Amino acid sequence: MRVRSTVVAASALVLCLAATGCGPDDGGDGGSDKGSGKKAAASQTPDPGSGAGAGATTGAGSPSPTPPSSGRTLTEAELAEVALTTGELPGYEIAPLEGADERGTEESRDEDCRPLTAIINGSPEPAPAATVFRTAMDTTEEGEDDQTVVTEILTSHPAGGAEELLRSVRDAVRDCAGGFRTTSADGPSTYTSVKTLPAPRAGQESFAYQVTGSLSGEKVPLVFHLVRTGSTVVTFYAANFLTALTPEVPAALVTAQAAKLP
């Protein structure tokens, strides 16, 4: 697996996202072209369950209120304004993602899995009107090898684009459950499995899933949690490079960010 890494501040955490496309080894460890813990180690995290639309229930079965939305397609400046900042969520330091202009170049060999590689590349599809990247680090875990670091991709979309993004990702998770392969300028990569994850709801629509890759023969779980309110989507991303345990996107982070979306 070739990791295009980005160093985040002094903590030198490996961010496996977009510019840091985290494609696994192109080995024989499984992964067809298309198939039927707690912390994010040296990287990030996301999480809500399946089910779309307003008024759906949380993973615990309690009703999720429908937040109001202006439905406006935000500009980049407006996205930056609604992104969380340091001090708004106790215990977290929020900062722009370094190297965000350098996107991944992975292309799926199966068109059905394209929405998954688009998010791995940091370029969700349909193409957004504006994009803002942030990282959120748990300062209470400062200095720990498995410090929780979550990457956020905030995107705004023309009419219908945000809904299409969630819909296409759901379909791809279902269609590519057995894994998929990609190609890029760095060579081929293999992802061995894709699965939906349960999670508390946020915004008007949310969905979480895990893509499992490999690094030097070891399983690397990548977790993505998409939250939509109106024409805005926030993609939370986390990866675990230390163990094969599924990383977690803190619910407080998700709900705090979702609450700021117009």
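Guide: In this predicted model, a salt bridge is called where a side-chain nitrogen of Lys or Arg lies within 4 Å of a carboxyl oxygen of Asp or Glu. By a search of the whole structure, 9 salt bridges are found.

Visitor: Why are arginine 114 and glutamate 125 called a salt bridge?

Guide: The side chains of arginine 114 and glutamate 125 meet with N and O 2.8 Å apart, and because the cut-off is 4 Å, the pair qualifies. Arginine 114 belongs to helix 2, whereas glutamate 125 sits in the loop between helix 2 and strand 5 (130-138), 11 residues apart, and the pair is a link between distant parts of the chain.

Visitor: What makes arginine 114 and glutamate 125 count as partly exposed?

Guide: Arginine 114 has a relative accessible area of 38% and glutamate 125 one of 28%; because buried means under 20% and exposed over 50%, both values fall in between.

Visitor: What makes glutamate 88 and lysine 260 a pair that ties parts of the chain together?

Guide: Their side chains meet in a salt bridge, at 3.0 Å from N to O. Glutamate 88 lies in the loop between helix 1 (76-82) and strand 3 (92-96), and lysine 260 in the segment after helix 4 (251-259), so the salt bridge joins parts that are 172 residues apart in sequence. Glutamate 88, at 39% relative accessibility, is partly exposed, and lysine 260, at 24%, is partly exposed too.

Visitor: Which other residues take part in salt bridges?

Guide: Arginine 174 forms one with aspartate 175, where the closest N and O atoms are 3.0 Å apart. Glu163, Arg170, Glu205 and Arg228 are joined into one network by salt bridges that share partners.

Visitor: What makes a group of residues here a nonpolar core, and which residues touch the most other members?

Guide: The members have to be buried residues of nonpolar kinds, such as Val, Leu and Phe, joined through side-chain atoms within 4.5 Å. In the largest such core, which has 25 residues, Leu116, Val169, Phe180, Val194, Tyr209, Phe224 and Leu226 touch the most other members. Two or more residues come from each of helix 2 (114-120), helix 3 (161-175), strand 10 (205-215), strand 11 (218-229) and strand 12 (232-239), and helix 3 gives the most, with 6 residues. Leucine 226 shows how these elements come together, for among the residues it touches are Ile119, Leu165, Val169, Tyr209 and Val233. A second core of 24 residues, separate from this one, includes Ala83, Leu89, Ala202 and Val249. In soluble globular proteins, nonpolar side chains tend to be buried together.

Visitor: Why is strand 5 called mostly covered?

Guide: In strand 5, 9 of its 9 residues are buried. Burial holds on both faces: Ala130, Val132, Arg134, Ala136 and Asp138 point one way, while Thr131, Phe133, Thr135 and Met137 point the other way.

Visitor: How do you know that strand 5 pairs with strand 3 and with strand 6?

Guide: Strand 3 and strand 5 share 5 bridges in the antiparallel sense, and 8 bridges join strand 5 to strand 6, also antiparallel; because pairing asks for at least two bridges, both cases satisfy the criterion. Proline 96 stands opposite arginine 134 in strand 5, and threonine 131 has threonine 155 of strand 6 as its bridge partner.

Visitor: What makes strand 4 and strand 8 edge strands?

Guide: They belong to an open sheet of 3 strands with the order 4-7-8 and antiparallel pairing, and strand 4 (107-108) and strand 8 (189-191) each pair on one side only. Between strand 7 (residues 180-183) and strand 8 there are 3 bridges, with phenylalanine 180 opposite tyrosine 191.

Visitor: Where does the predictor's confidence fall lowest, and where is it highest?

Guide: The lowest mean, 26, belongs to strand 1 (residues 7-8), and the highest, 98, to helix 3. Over residues 1-24 pLDDT stays under 50, although the model has 103 contacts beyond four places in sequence for them, and it likewise stays under 50 over residues 27-64, with 161 such contacts. Where pLDDT is low, the predicted coordinates should not be read in detail. For the chain, the average pLDDT is 77, and 73% of the residues score at least 70.

Definitions and conventions: Residues are numbered from 1 along each chain as its sequence is written. This is a predicted model: local features need pLDDT of at least 70, side-chain atom pairs count only at pLDDT 80 or more; totals for chains, interfaces and linings use all residues. Side-chain values use heavy atoms; hydrogens and water are left out. Buried means under 20% relative accessible area, exposed over 50%, partly exposed in between (1.4 Å probe, protein chains only). Helices (H or I, at least four residues) and strands (E, at least two) are DSSP runs, numbered from the N terminus. Contact means heavy atoms within 4.5 Å. pLDDT is the predictor's confidence in each residue, from 0 to 100.
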